[in-house]
Amino acid sequence: MTDNVPVESSEGGLEQRQRSDRSDPTPEVVGIRHGQWGIHGSGDTTGFGGLVQEVALPGESTRPYGGWFDSVVDILEELITEEGMQIGHVIERVVVDRDELTIFITREHILQVCRWLRDDQDLRFELCLGVSGVHYPQDNGRELHAVYHLLSVTHNRALRLEVTCPDSDPHIPSVVSIYPGNDWHERETWDLFGIIFTGHPGLTRTAMPDDWVGHPQRKDYPLGGIPVEYKGATVPPPDTRRSYN
């Protein structure tokens, strides 16, 4: 079953893009999450301790992706081949989900892919709107994800790049040399998720003190916070104010 969805083109008009069921790939279940907020045992008074939820990521899409999605991937594959590289060593998978294009890139080639996306006349993704982190503890060997949002002003298009790395080796090359505006965003992602962007000109914390231990937006970060002292009164962390065990 397909339907035509009007999409704004680079000329400012509307182009018809075929949208099909394959644009919503079958989710890939990577784990099961039990409870919420780390609550376990009979001390749970919220009811959330009994939650059981699948942790799922969008699965790989199959061609045709629809409209300009295919042409962008075709151009990237052509550039990869011209460099004498194997496509599978650069592009891990392509996901079209909720009418958005995401290309998973191996971390070793993220710099080269960003350069192609910025400089090729048929791609021209001149802007990177930042990078953010995601932590999937159940995605074994790919626990940390860096997500880049790219925008082509020339062609009026937006796509997402996603790069993964394991907890045991949380290194991804910095793209600041390609997109200088990513300087602060890579620092924030390092601060909150612990992804080390190799080659960054000054990878320091943005929100937490320099001597802070840990990365607060990771799923394995202790819940509750730190003691707070205010005008001589001490407020304990939320997770110690009542017993959940």
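User: Which residues does F125 touch, not counting residues up to four places away in sequence?

Analyst: Keep in mind that this is a predicted model. F125 is among the residues of the largest nonpolar core that touch the most other members. Leaving out residues up to four places away in sequence, F125 touches W68, V72, L117, R118, L150, L151, S152, R157, A158, L159 and Y179.

User: Which helix gives the most to the largest nonpolar core?

Analyst: Good one! The largest nonpolar core has 41 residues. Several elements each supply at least two residues of this core, including helix 1 (68-82), helix 3 (110-119) and helix 4 (182-193). The top contributor, with 8 residues, is helix 1.

User: How many disulfides does the structure hold?

Analyst: Let's check two cysteines. A disulfide needs sulfur atoms within 2.5 Å. For C114, the nearest cysteine sulfur is that of C128, 6.5 Å away, so C114 is in no disulfide. C128 is in no disulfide either, and the number of disulfides in the structure is 0.

User: Is C114 buried or exposed?

Analyst: Buried means under 20% relative accessible area. C114 has a relative accessible area of 1%, so C114 is buried.

User: Which residues form a nonpolar patch on the surface with I32?

Analyst: I32 sits in strand 3 (residues 27-34). With a relative accessible area of 43%, I32 is over the 30% that patch members need, so I32 can take part in a patch. The patch has about 260 Å² of accessible area together, and the partners of I32 are V29 and V52.

Technical notes: Residues numbered from 1 in each chain as written. Predicted model: local features only at pLDDT ≥ 70, side-chain atom pairs only at ≥ 80, totals over all residues. Heavy atoms only, no water. Patch = residues over 30% accessible without salt bridge, like charges linked within 9 Å, V, L, I, M, F, W, Y side chains within 5 Å. Areas by Shrake-Rupley, 256 points an atom, 1.4 Å probe, with all protein chains shown as cover. Salt bridge = Lys/Arg side-chain N within 4 Å of Asp/Glu carboxyl O. Helix = DSSP H or I, 4+ residues; strand = E, 2+ residues; numbered from the N terminus. Buried < 20%, exposed > 50% of the residue type's maximum accessible area, 1.4 Å probe, protein only. Core = buried A, V, L, I, M, F, W, Y, C linked by side-chain atoms within 4.5 Å. Contact = heavy atoms within 4.5 Å.
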